Amino acid sequence: MSSVNQGPNSTLVIVSYPVREAQQTITAAEYSLILGLRQDKVMAIKFVRSQYNLGLYEAKQVVDTIHSQPVI
């Protein structure tokens with residue numbers, strides 16, 4: 001199940017996405033950046049791939065999860 005939760009402090013966000021029930025912890029700043037790229041999903045996916053060394057499918061799942069959740 002996809003979800004976005006506040007991390008242990010205000011500077012981290014935990015994204016749970018459906019690929020092997022994986023989780024990715026990102027900074028709140030990166031989370032805001034990805035939310036801001038709603039109109040440019042390709043750029044958001046490229047950012048996640050390069051920042052976290054994820055494959056294309058996994059990066060897409062992270063971005064889709066973030067874009068499907070309400071802003072935290």
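The exercises below work through a predicted model, each with a task and a solution in steps.

**Exercise 1. The order of the strands**

Task: Work out in which order the three strands of the open sheet lie, and which strands stand at the edges.

Solution: Begin with the pairings, since they fix the order step by step. Strands E1 and E2 are paired in the antiparallel sense over four bridges, and one of these pairs can be followed at residue level, where Asn-5 has Ile-14 in E2 as its bridge partner. The link between E1 and E2 is a hairpin, which runs through five residues.
Next, turn to the other pairing, in which strand E2, residues 12-17, meets E3 in the antiparallel sense over six bridges. Here Ile-14 has Thr-25 in E3 as its bridge partner, while Leu-12 is partnered by Thr-27 in E3.
Putting the pairings together gives an open sheet with the order E1-E2-E3 and antiparallel pairing. Strand E1 (3-6) and strand E3 (22-27) each have a single partner strand and stand at the edges, so one side of each is left without a neighbour in the sheet. From one strand to the next, the twist averages 20°.

**Exercise 2. Helices on the sheet**

Task: Find which strands are touched by helix H1 and which by helix H3, and state the direction of each helix relative to a strand of the sheet.

Solution: Take helix H1 to begin with, which covers residues 28-36 and packs on the sheet, where it touches E1, E2 and E3. The direction of H1 makes about 100° with that of E3.
Then take helix H3, residues 56-68, which also packs on the sheet and touches E1, E2 and E3, with a direction that makes about 115° with that of E2. The 13 residues of H3 reach 18 Å from the first C-alpha to the last, close to the 18 Å expected at 1.5 Å a residue.
Finally, look at the buried residues of H3, among them Ala-59, Val-62, Val-63, Thr-65 and Ile-66. The buried residues of this helix pack against E1, E2, E3, H1 and H2.

**Exercise 3. The crossing of H2 and H3**

Task: Describe how H2 and H3 cross, and say what kinds of residue make up their contact.

Solution: The geometry comes before the residues: the axes of H2 and H3 come within 9 Å and cross at roughly 120°, and the crossing is right-handed.
On the side of H2, the contact is made by Lys-41, Ala-44, Ile-45, Val-48 and Arg-49, and on the side of H3 by Leu-56, Ala-59, Lys-60, Val-62, Val-63 and Asp-64. Sorted by kind, the residues of this contact divide into seven nonpolar, no polar and four charged.
The loop between helix H2 (41-52) and H3 holds Asn-53, a residue with a positive phi of about 55° although it is not a glycine.

**Exercise 4. Buried or exposed?**

Task: Decide whether Ser-10, Asn-53, Gln-24 and Thr-65 are buried or exposed, taking under 20% relative accessible area as buried and over 50% as exposed, and then describe their surroundings.

Solution: Start with the loop residues. Ser-10, found in the loop between E1 and E2, counts as exposed at 59% relative accessibility. The C-alpha atom of Ser-10 is separated by 8.7 Å from that of Thr-27, which is 17 residues apart from it along the chain. Asn-53 is likewise exposed, with a relative accessible area of 72%.
Continue with Gln-24, whose place is in strand E3 and whose relative accessible area of 14% makes it buried. When its neighbours within four places in sequence are left aside, Gln-24 is in contact with Val-13, Ile-14, Val-15, Tyr-17, Tyr-52 and Leu-54.
End with Thr-65, which lies in helix H3 and is buried, with a relative accessible area of 2%. Leaving aside the neighbours within four places in sequence, Thr-65 has contacts with Ser-2, Ser-3, Val-4, Val-15, Ser-16, Tyr-17 and Pro-18. One of these contacts, Tyr-17, is 48 residues apart from Thr-65 in sequence, yet the two are 6.2 Å apart in space, C-alpha to C-alpha.

Key. Residues are numbered from 1 along each chain as its sequence is written. This is a predicted model: local features need pLDDT of at least 70, side-chain atom pairs count only at pLDDT 80 or more; totals for chains, interfaces and linings use all residues. Side-chain values use heavy atoms; hydrogens and water are left out. Two strands pair if DSSP finds at least two bridges between them. Helices (H or I, at least four residues) and strands (E, at least two) are DSSP runs, numbered from the N terminus. Axes are lines fitted to C-alpha atoms, for helices over the stretch in contact, and angles run from 0 to 180 degrees between N-to-C directions. Contact means heavy atoms within 4.5 Å. Buried means under 20% relative accessible area, exposed over 50%, partly exposed in between (1.4 Å probe, protein chains only). The expected span of a helix is 1.5 Å times one less than its number of residues. A crossing is left-handed if the near helix is turned anticlockwise from the far one by less than a right angle, and right-handed if clockwise. Ala, Val, Leu, Ile, Met, Phe, Trp, Tyr, Cys and Pro count as nonpolar, Asp, Glu, Lys and Arg as charged, and the others, Gly among them, as polar.
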